[in-house]
Structures are given as C-alpha cells and as structure tokens.
Amino acid sequence: MNQNKKNMEKIKLYTMNELLDRDLGLIGTPERDKFEQDLADELQAYRVGEAIKKARKAQKLTQEELGERMGVQRSQVCRIESGKSITLASMMRAFRALGVQVALDMKGIGRLVL
C-alpha cells in the first residue's frame, strides 16, 4: 500500500453537526444557540439584500441611481445588497425608493409585492 493511501485511511471525516457539537457545544447550549441565531440573521440579511438587488436590476437601475433615490452613496447600496449593512430603516428606504411594497411578519420579510 502506498504512503498516500495509508494517510487517507487515517483521516477521520466529520459531519458539519459533529464539528459544531465539538466546537460550539450541543444544540441547546448558549454558544450553539447564539451561533445558530447569528447565522439565521445573516442569512435573512443576505436574502433581503438579494431581493433589493433583484428589484433594482428589474428596473434597470445602477447602484448609484438607487443611491440617489435613497439619498445615500453607491457604496451604501452595495453594502445593503450584500446584506452587510442592512437595518430595517435602510431596507424600507430601499424598497420605497424602488416602489416595492413589503409585507412584514414577526420573523422578518413575509413577501414582496411589486
């Protein structure tokens, strides 16, 4: 047996849950719950940013043009669309500038109405 094959046999593969259990604790522990919530929040921000980008592109607007409508710099629009700098106020301002009505529920965005 060659050396590479021997080394491969020694490697233990882990599932994502096994790694999370090991590094953050089991589901239900404060560290794991915080991680899961932070991840869910970031994913929601990303989805909102993508919705804004999609609505902007559907109207054939540049980030700079949307920024002008919102009263912000293009760089701020970029951060909003990437989900890195999105607040409820900036989200509502972007959708208002795009003429998109948003229905919110207690979990975040429920649906977008064009």
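**Figure 1. H2 passes H3 in a right-handed crossing.** This close-up comes from a predicted model. Helix H2 covers residues 16-24 and helix H3 covers residues 30-58; the two pack at an angle of about 125°, with 9 Å between their axes. That angle makes H2 oblique to H3. On the H2 side, the residues to look for are Asn 17, Leu 20, Asp 21 and Leu 24, and they meet Glu 31, Arg 32, Phe 35 and Glu 36 of H3. Sort the residues of this contact by type and you get three nonpolar, one polar and four charged. Some of those charged side chains turn up again in the next view.

**Figure 2. A network of salt bridges links Asp 21, Arg 32 and Glu 36.** Side chains of opposite charge can pair when their charged atoms come close. Here, Asp 21 belongs to the H2 side of the helix contact, while Arg 32 and Glu 36 belong to the H3 side. So how many salt bridges are there in the whole structure? A search finds six.

**Figure 3. Arg 22 and Asp 23 form a salt bridge.** Their closest N and O atoms sit 2.9 Å apart. Is Asp 23 buried or exposed? Asp 23 is exposed, at 53% relative accessible area. Arg 22 counts as exposed too, with a relative accessibility of 54%.

**Figure 4. Glu 50 and Lys 53 pair up within helix H3.** Their side chains meet in a salt bridge, at 3.4 Å from N to O. The two residues are three apart in H3, which means that about one helical turn separates them. Lys 53 is partly exposed, its relative accessible area being 26%. Glu 50 also counts as partly exposed, at 28% relative accessibility.

**Figure 5. Arg 56 of H3 and Glu 81 of H5 meet in a salt bridge.** The N-to-O distance for this pair is 2.5 Å. Glu 81 lies in helix H5 (residues 74-81) and Arg 56 in helix H3, so their pairing ties together parts of the protein that are 25 residues apart in sequence. Buried or exposed: which is Glu 81? Glu 81 counts as buried because its relative accessibility is 2%, under the 20% cut-off. Arg 56 is buried as well, with a relative accessible area of 7%.

**Figure 6. A closer look at the surroundings of Arg 56, a residue of helix H3.** Which residues does Arg 56 touch, not counting those up to four places away in sequence? The list is Leu 61, Thr 62, Gln 63, Leu 66, Glu 81 and Leu 98. Glu 81 is the salt-bridge partner from the previous view. Leu 98, for its part, is one of the H6 residues that H3 meets, and that contact gets a view of its own below.

**Figure 7. H3 passes H6 in a left-handed crossing.** Helix H6 spans residues 88-98; its axis and that of H3 come within 10 Å and cross at roughly 15°. That makes H3 roughly parallel to H6, since angles under 35 degrees are classed that way. From H3, Val 48, Ala 51, Ile 52, Ala 55 and Arg 56 meet Met 91, Ala 94, Phe 95 and Leu 98 in H6. By type, the residues of this contact divide into eight nonpolar, no polar and one charged. The charged residue is Arg 56. Set this beside the H2 contact with H3, where four of the residues are charged and three nonpolar.

**Figure 8. Val 48 sits in helix H3.** With a relative accessible area of 6%, Val 48 is buried. Val 48 and Ile 80 are 32 residues apart along the chain, and their C-alpha atoms are 8.5 Å apart. Val 48 is also among the H3 residues that meet H6.

**Figure 9. The setting for these close-ups is a protein with six helices and two strands.** From the N terminus on, the order of elements is α-α-α-α-α-α-β-β. The protein has 114 residues, and 25% of them are buried. Among contacts with a separation of 6 or more, 39% are between residues 24 or more positions apart.

Methods: Residues numbered from 1 in each chain as written. Predicted model: local features only at pLDDT ≥ 70, side-chain atom pairs only at ≥ 80, totals over all residues. Heavy atoms only, no water. Axes fitted to C-alpha atoms, helices over the stretch in contact; angles between N-to-C directions. Helix = DSSP H or I, 4+ residues; strand = E, 2+ residues; numbered from the N terminus. Parallel < 35°, antiparallel > 145°, perpendicular 65-115°, else oblique. Left-handed = near helix turned anticlockwise from the far one by under 90°. Contact = heavy atoms within 4.5 Å. Salt bridge = Lys/Arg side-chain N within 4 Å of Asp/Glu carboxyl O. Buried < 20%, exposed > 50% of the residue type's maximum accessible area, 1.4 Å probe, protein only.
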